[in-house]
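Biologist: I would like a close look at a single part of this chain, followed by whatever in the rest of the structure helps to place it. Please take the time to connect the details.

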Amino acid sequence: MRWDNLTRDDTAATPALFAADAVTTRTFDTPEFRGITFHEIRARSIINRVPGASRMPFEWTVNPYRGCSHACVYCFARKTHSYLDLDTGIGFDSQIVVKTNAPELLRRELASRRWTGEHIAMGTNVDCYQRAEGRYRLMPGILTALTERANPFSILTKGTLVLRDLELLRRASRVTDIGVSVSVGFTDGELWRTVEPGTPSPERRLDAVRTLSSHGIPCGVLMAPVIPFLGDSPEQLRATVRAIAEAGASSVTPLVLHLRPGAREWFTAWLTHHHPRLLRRYDALYEGGSYAPKWYQRRITGMVHDFATEYGIGPYASGAHRNVSEKPDARTEEEPESRADSPPAQLSLL
């Protein structure tokens, strides 16, 4: 594993991600963690600035984990595991880096004179409420640190474990602006079992939306990803929007599947195994790069918009699912990308 270039000493020109001799590897022989290896590190920093080329509607992120046991076959963050010489396929799903000092480090950075209290987005790279959070419990300390400073923040998750911290979210909402969004791209049970095998079911996620909303925490739904040819029929989109509305979501944001390097290869392998007849159609749809063509994105957005209006959700301004102000040409995806390959049509928040 390539830790050396990430653990340089304090005299190095480029800051290290974590201190040398600070990596502990653990496995746990319990059913929920069987086959997963955890690499515990002490990070050097925890508040990360989004690169200037990004058009996301936020500038700062906190990510206490790398890798994700949700094992979503399309996850755009898979490529980041290659920076550690870790496999972007099975390795991304089963080799989890844990920043064990994230809460204390965040408290220190929030107290710095250089910090100006800007919005912090979480769940932007991998899920902060993935399975590992049940053991390491980093989020309670993170939420407490943000609340103590009345620092605005938002969370995007597929994990129902967010309900464990419901009271902490309620406390935070009394002193600062917060946004919570749950990702539910479809309600098809068979598709879920194969494409998002480590996540709670869509029904359980929507139950979490219902619970959060009933306790005074407005919760939006990022309808992502809409998967071409498998989850994009009008009947499927209508059923998903209806379920989202019935769960009491405050907003719905459609996002068509995008396939970046790292994720594209893993998704293609999955497609070859489960739906080989679709390979040519995917090659044609994504021949222009990581994103589906604008006409396709507009079609999906238009249908979701119509269904959202029918079921009484929206329209909402872009960025509302995170409770942040929109940047010019803001996108609602979860990781920086160059502007050349990023059509905004699919990203209207409804």
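Biologist: Which residues form one aromatic cluster together with Phe267?

Modeller: The model is a predicted one, and what follows should be read with that in mind. The aromatic cluster consists of Phe229, Phe267, Trp270, Tyr282 and Tyr286. The structure holds eleven aromatic pairs, and two of them can be described in detail. In one of these, Phe33 and Phe38 are arranged edge-to-face, with 5.4 Å from centre to centre and 80 degrees between the planes. Both partners are shielded from solvent: Phe33 counts as buried because its relative accessible area is 4%, and Phe38 is likewise buried, at 1% relative accessibility. The other pair belongs to the cluster you asked about, and there Phe267 and Tyr282 have their centres 5.5 Å apart with 50 degrees between the planes, an arrangement classed as tilted. This second pair links distant parts of the chain, since Phe267 sits in helix α9 (residues 263–274) and Tyr282 in helix α10 (residues 279–285), with their positions 15 residues apart in sequence. Phe267 and Tyr282 are buried as well.

From the aromatic rings we can turn to a buried acidic residue, Asp93, whose place is in helix α1. Its relative accessible area is 12%, and Asp93 is therefore counted as buried. Apart from neighbours within four places in sequence, Asp93 is in contact with Cys68, Ser69, Ala71, Arg78 and Trp266. With one of these residues, Arg78, the side chain of Asp93 makes a polar contact of 2.9 Å. Arg66 lies 27 residues from Asp93 along the chain, and the C-alpha atoms of Asp93 and Arg66 are separated by 9.8 Å.

Cys68, one of the contacts of Asp93, also enters the question of disulfides, of which a search of the whole structure finds zero. A disulfide is a covalent bond between the sulfur atoms of two cysteines. For Cys128 the closest cysteine sulfur is that of Cys68, at 9.7 Å, and this is too far for a bond, so Cys128 has no partner. Cys128 is buried, with a relative accessible area of 1%, and Cys219 is buried too, at 0%.

Helix α7 offers a second buried charged side chain and can be followed in some detail. The helix runs over residues 202–214, has 13 residues, and spans 18 Å from its first C-alpha to its last, which is close to the 18 Å expected at 1.5 Å a residue. Within α7, the residues Pro202, Arg205, Leu206, Ala208, Val209 and Leu212 are buried. These buried residues are on the same side of α7, because they cover an arc of only 145 degrees around the axis. An α-helix has 3.6 residues a turn, so residues three or four places apart point the same way. The elements against which the buried residues of α7 pack are α5 (166–175), β9 (178–183), α6 (189–195), β10 (219–226) and α8 (234–246).

Among those buried residues of α7 is Arg205, which has a relative accessibility of 1%. The side chain of Arg205 reaches two backbone oxygens: that of Ser183, which lies 2.8 Å from one of its polar atoms, and that of Pro200, at 2.9 Å. When neighbours within four places in sequence are left aside, the contacts of Arg205 are Lys158, Thr160, Val182, Ser183, Val184, Trp192, Glu196, Thr199 and Pro200.

Some backbone details deserve a check before any further calculation. Just after α7, Gly216 takes a positive phi of about 85 degrees. Strand β10, one of the elements that α7 packs against, contains Pro225, and the peptide bond joining Ala224 and Pro225 is cis, with omega about -10 degrees. Positive phi values also occur at two residues other than glycine. Asp85 has a phi of about 60 degrees and is found in the loop between β5 (65–66) and α1 (90–94), the latter being the helix that holds Asp93. Arg137 has a phi near 50 degrees and is found in the loop between α3 (133–136) and α4 (139–148). Unlike the buried Arg205, Arg137 is partly exposed, with a relative accessible area of 48%.

Methods. Residues are numbered from 1 along each chain as its sequence is written. This is a predicted model: local features need pLDDT of at least 70, side-chain atom pairs count only at pLDDT 80 or more; totals for chains, interfaces and linings use all residues. Side-chain values use heavy atoms; hydrogens and water are left out. Helices (H or I, at least four residues) and strands (E, at least two) are DSSP runs, numbered from the N terminus. The expected span of a helix is 1.5 Å times one less than its number of residues. Buried means under 20% relative accessible area, exposed over 50%, partly exposed in between (1.4 Å probe, protein chains only). The arc is that of the directions from the helix axis to the C-beta atoms. Contact means heavy atoms within 4.5 Å. A disulfide is a pair of cysteine sulfur atoms within 2.5 Å. A polar contact is a pair of N or O atoms within 3.5 Å; within protein, one must be able to donate a hydrogen and the other to accept it, and residues adjacent in sequence count only if both atoms are side-chain atoms. Rings of Phe, Tyr and Trp (its six-membered ring) pair if their centres lie within 6.5 Å; planes under 30 degrees apart count as stacked, over 60 as edge-to-face and the rest as tilted.
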